[in-house]
Amino acid sequence: MKKLLQISLALATLFGASASVLAKDAAPAATIGQDKIAMCIGCHGIPGYQASFPEVHKVPMISGQNAKYIAASLTAYAKGERKHPTMRGIAQSLSEQDIADISAFYEKQAPAQTLPETAAAPSAQVAELLTKGACVSCHGANFNKPIDGSYPKIAGQHADYLNVALKSYQTEGNAVVGRSNAIMAGQVKQFSHAELKAIAKYLASLPGEL
């Protein structure tokens, strides 16, 4: 009887531990990510916070952004495919699981709201630029519903950040500025800086999920 009791207690302990592990594994990545964003909130957690290096602009809004896009961006910073000293240092300190958890956390921060299916009409000049760049084909008709999660939501994003981001795809041979993306580079290299600024201003004026 004593031996049977010992076996029963051992099994109870084992099942209890297993249940604990399963519960931990089942915890949403968005919840886990909350414990890993300490390095993020110093910039992205301050509304309107402005970066000063390597270029001056408001840091992008990432709450509500697609997790797949955030993960791809962090990975690109870690590899040096996106050049930004601060972001590269942070991204290189993260494991693949950290990146997945942080990305899932921020995606879940989207505000509950109903947005129009199509964006407000731009000026004739901007409409021509958007058509030339085929922006809708990837970022969606309202610029909040990209055709794939690896593309960002861009409606309502800070205009100065969008402008800097777009110009970075044109930049080559710079140690601290530039983004390697053949598709985006091919699109933005058609435009002058003034035209990119006009596109960024229009996109920033739209209602967004960020």
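Start by selecting Tyr 202. At 10% relative accessibility, Tyr 202 counts as buried (under 20% relative accessible area; exposed is over 50%, partly exposed in between, with a 1.4 Å probe and protein chains only).

Before going on, note that this is a predicted model, where local features need pLDDT of at least 70, side-chain atom pairs count only at pLDDT 80 or more, and totals for chains, interfaces and linings use all residues. Residues are numbered from 1 along each chain as its sequence is written, and side-chain values use heavy atoms, with hydrogens and water left out.

**The aromatic pairs**

How many aromatic pairs does the structure hold? There are two. Rings of Phe, Tyr and Trp (its six-membered ring) pair if their centres lie within 6.5 Å; planes under 30 degrees apart are stacked, over 60 edge-to-face, and the rest tilted.

Select Phe 105 and Tyr 106. They form an edge-to-face pair, 5.2 Å centre to centre, with 80° between the planes. Phe 105 is buried at 10% relative accessibility. Tyr 106 is buried too, at 4%.

Return to Tyr 202 and add Phe 143. This pair is also edge-to-face: 6.4 Å between centres and 90° between the planes. Phe 143 lies in the loop between α8 (136-139) and α9, and Tyr 202 in helix α11 (residues 193-204), so the pair ties together parts that are 59 residues apart in sequence. Helices (H or I, at least four residues) and strands (E, at least two) are DSSP runs, numbered from the N terminus.

Stay on Phe 143. Its relative accessible area is 2%, and it is buried. Now look at its backbone. Phe 143 has a positive phi of about 60°, although it is not a glycine.

**Glu 209**

Go next to the segment after α11, where Glu 209 has its place. Is Glu 209 buried or exposed? Glu 209 is buried, with a relative accessible area of 12%.

Show its side chain. One polar contact runs to the side chain of Lys 145, at 3.0 Å. Another runs to the side chain of Lys 153, at 2.6 Å. A polar contact is a pair of N or O atoms within 3.5 Å; within protein, one must be able to donate a hydrogen and the other to accept it, and residues adjacent in sequence count only if both atoms are side-chain atoms.

Widen the selection to the residues that Glu 209 touches, leaving out those up to four places away in sequence. Among them are Ser 63, Gly 64, Ala 110, Pro 111 and Asn 144. Contact here means heavy atoms within 4.5 Å.

**Helix α4**

Select residues 67-79. At 1.5 Å a residue, the 13 residues of helix α4 should span 18 Å, and its end C-alpha atoms are 18 Å apart, which agrees. The expected span is 1.5 Å times one less than the number of residues.

Colour the buried residues of α4: Ala 67, Tyr 69, Ile 70, Ser 73, Leu 74, Ala 76 and Tyr 77. What covers them? The cover includes β3 (82-83), α5 (85-92), α6 (96-107), α9 (159-168) and β4 (178-179). Step just past α4 to Gly 80, which takes a positive phi of about 85°.

**Gln 97**

Move into helix α6 and pick Gln 97. Gln 97 is partly exposed, with a relative accessible area of 48%. Its side chain makes a polar contact with the side chain of Asp 101, at 2.9 Å. Now add Gly 33. Gln 97 and Gly 33 are 64 residues apart in sequence and 9.5 Å apart in space, C-alpha to C-alpha.

**Two backbone stops**

Select Phe 53 and Pro 54. The peptide bond from Phe 53 to Pro 54 is cis, with omega near 0°. Pro 54 sits in the loop between β1 (50-51) and β2 (57-58).

Then select Ala 134, in the loop between α7 (124-133) and α8. Its phi is positive, near 55°, in a residue other than glycine. Ala 134 is partly exposed, at 34% relative accessibility.

**The cysteines**

How many disulfides does the structure hold? It holds zero (a disulfide is a pair of cysteine sulfur atoms within 2.5 Å). Select Cys 43. Its sulfur is 9.3 Å from the closest cysteine sulfur, in Cys 40, too far for a bond. Then select Cys 135. The closest cysteine sulfur to its own is in Cys 138, 8.7 Å away, too far for a bond.

**The whole protein**

Zoom out. The protein has eleven helices and four strands. Buried residues make up 37% of its 210 residues.
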